[in-house]
Amino acid sequence: MNGQQQQQQLKQQMTQEELQRTQVLNLQDVQEAVKFEKMTSKKPAILVAILGIASIFMGTTFGVVQNLQAKAEVERNKAIEKRTVVQTEKTLNCSYTKLADYDGTDYTLERTFTFKENKLIKEVKAFKLSPSQGNPNGETGVQNYLVALQPFLIQMSGYELMVERDKTTGVATTTTTINYEILDTTKVPGLNQSNFRFNVEYNKDSDQTKIEEDLKAKGYTCK
């Protein structure tokens, strides 16, 4: 093979190699272009998805905030109403104690009055009876009281009388609740009205000062 033929053969090899390199480069360019196109085509979709999620989240958050604000407003209104009730209603606590009664018992009568603008609206009487310390007749006295108590135990609109006994201390407590705002005093049985433990002693809208003065004159301690 002469020199001219060798040069032609070498030229043909170089042409083929350049062609292959060109094809590889073109293929890489195409792949990069496809990859870029995929990436750029995904971006709008991703952005739209992000914006959609953000919108949903903001909308939900706004709704939650509105609900919380509404609940807070309701609680504030309740607090204001409660403060108003506390400011307009007052209580008076009075008690009377007698030790070593004739039947071997001790008793305390605790009375709690509720006033609205200084006018009586409610009273709770708690009569507590217990055996006198060291008196053997005390337990019998409490048992007799509980038996005799049964006809007094009534419930009606505005008037309720209940009893319970503490097994540990032996104290028997009768609680009379009087709601003057709804009670028709003419319907309270005469039996209950004749007993100082359970009677309705005052009328609706009785003045706080007069009740306190009356009870203190009867030996009660008030505060």
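Colleague: Let's begin with A100. Is A100 buried or exposed?
Modeller: The cut-offs are these: buried means under 20% relative accessible area, exposed over 50%, and partly exposed in between, using a 1.4 Å probe and protein chains only. The relative accessibility of A100 is 59%, so A100 counts as exposed.

Colleague: Thanks! Before we go on, what is left out of the side-chain values?
Modeller: This is a predicted model, in which local features need pLDDT of at least 70 and side-chain atom pairs count only at pLDDT 80 or more, while totals for chains, interfaces and linings use all residues. Residues are numbered from 1 along each chain as its sequence is written, and side-chain values use heavy atoms, leaving out hydrogens and water.

Colleague: Good to know. How many helices and strands does the protein have?
Modeller: Helices (H or I, at least four residues) and strands (E, at least two) are DSSP runs, numbered from the N terminus. Along the sequence they follow the pattern α-β-β-β-α-β-β-β-α-α-β. The protein has 4 helices and 7 strands.

Colleague: Back to A100 for a moment: in which loop does A100 lie?
Modeller: A100 has a phi near 55°, which is a positive value in a residue other than glycine. Its place is the loop between β1 and β2.

Colleague: Over how many bridges do β2 and β3 pair?
Modeller: Two strands count as paired if DSSP finds at least two bridges between them. Strand β2 covers residues 105-116 and strand β3 residues 119-131. T108 has K128 in β3 as its bridge partner. Their antiparallel pairing runs over 12 bridges.

Colleague: And E117 in that hairpin, is it buried or exposed?
Modeller: The hairpin of β2 and β3 has 2 residues between the strands. E117 is found in this loop, and it has a positive phi of about 55° although it is not a glycine. With a relative accessible area of 63%, E117 is exposed.

Colleague: Which residue in β6 stands opposite E123?
Modeller: β3 and strand β6 (residues 172-179) run antiparallel and are joined by 8 bridges. Along this pairing, K125 stands opposite T176. Opposite E123 stands I178.

Colleague: Then which residue in β6 does Y159 face, standing opposite it?
Modeller: Strand β5 (residues 159-165) runs antiparallel to β6, with 7 bridges joining them. In their hairpin, which has 6 residues between the strands, G170 takes a positive phi near 80°. Y159 stands opposite I178.

Colleague: Let's look for openings. What is the volume of the largest pocket?
Modeller: On a 1 Å grid over the protein atoms alone, a pocket is an open set of points with protein on both sides within 12 Å along at least five of seven lines, unlike a cavity, where a 1.4 Å probe fits but cannot get out; lining residues have an atom within 4 Å of a point. Grid points are joined across faces, edges and corners, and a volume is the space filled by probe spheres set on the points. For the largest pocket this comes to about 240 Å³.

Colleague: Which element supplies the largest share of its lining?
Modeller: Of the 16 lining residues, Y102, D103, G141, Y145 and R197 lie nearest the centre. β2, β3 and α2 (138-149) each supply at least two residues of the lining. The largest share, 5 residues, comes from α2.

Colleague: R197 caught my eye. Which residues is R197 in contact with, leaving aside its neighbours within four places in sequence?
Modeller: R197 lies in the loop between α3 (190-193) and α4. R197 and F127 are 70 residues apart in sequence and 6.4 Å apart in space, C-alpha to C-alpha. Contact means heavy atoms within 4.5 Å. By that rule, the partners of R197 are K125, F127, Y145 and T176.

Colleague: Last one: which residues are exposed on the other side of α4?
Modeller: In helix α4 (residues 208-217), Q208, I211 and L215 are buried. They cover an arc of only 65° around the axis, so they sit on the same side of α4, the arc being that of the directions from the helix axis to the C-beta atoms. Their cover includes β1 (89-98), β2, β3 and β7 (221-222). On the other side, the exposed residues are K210, E213 and A217.
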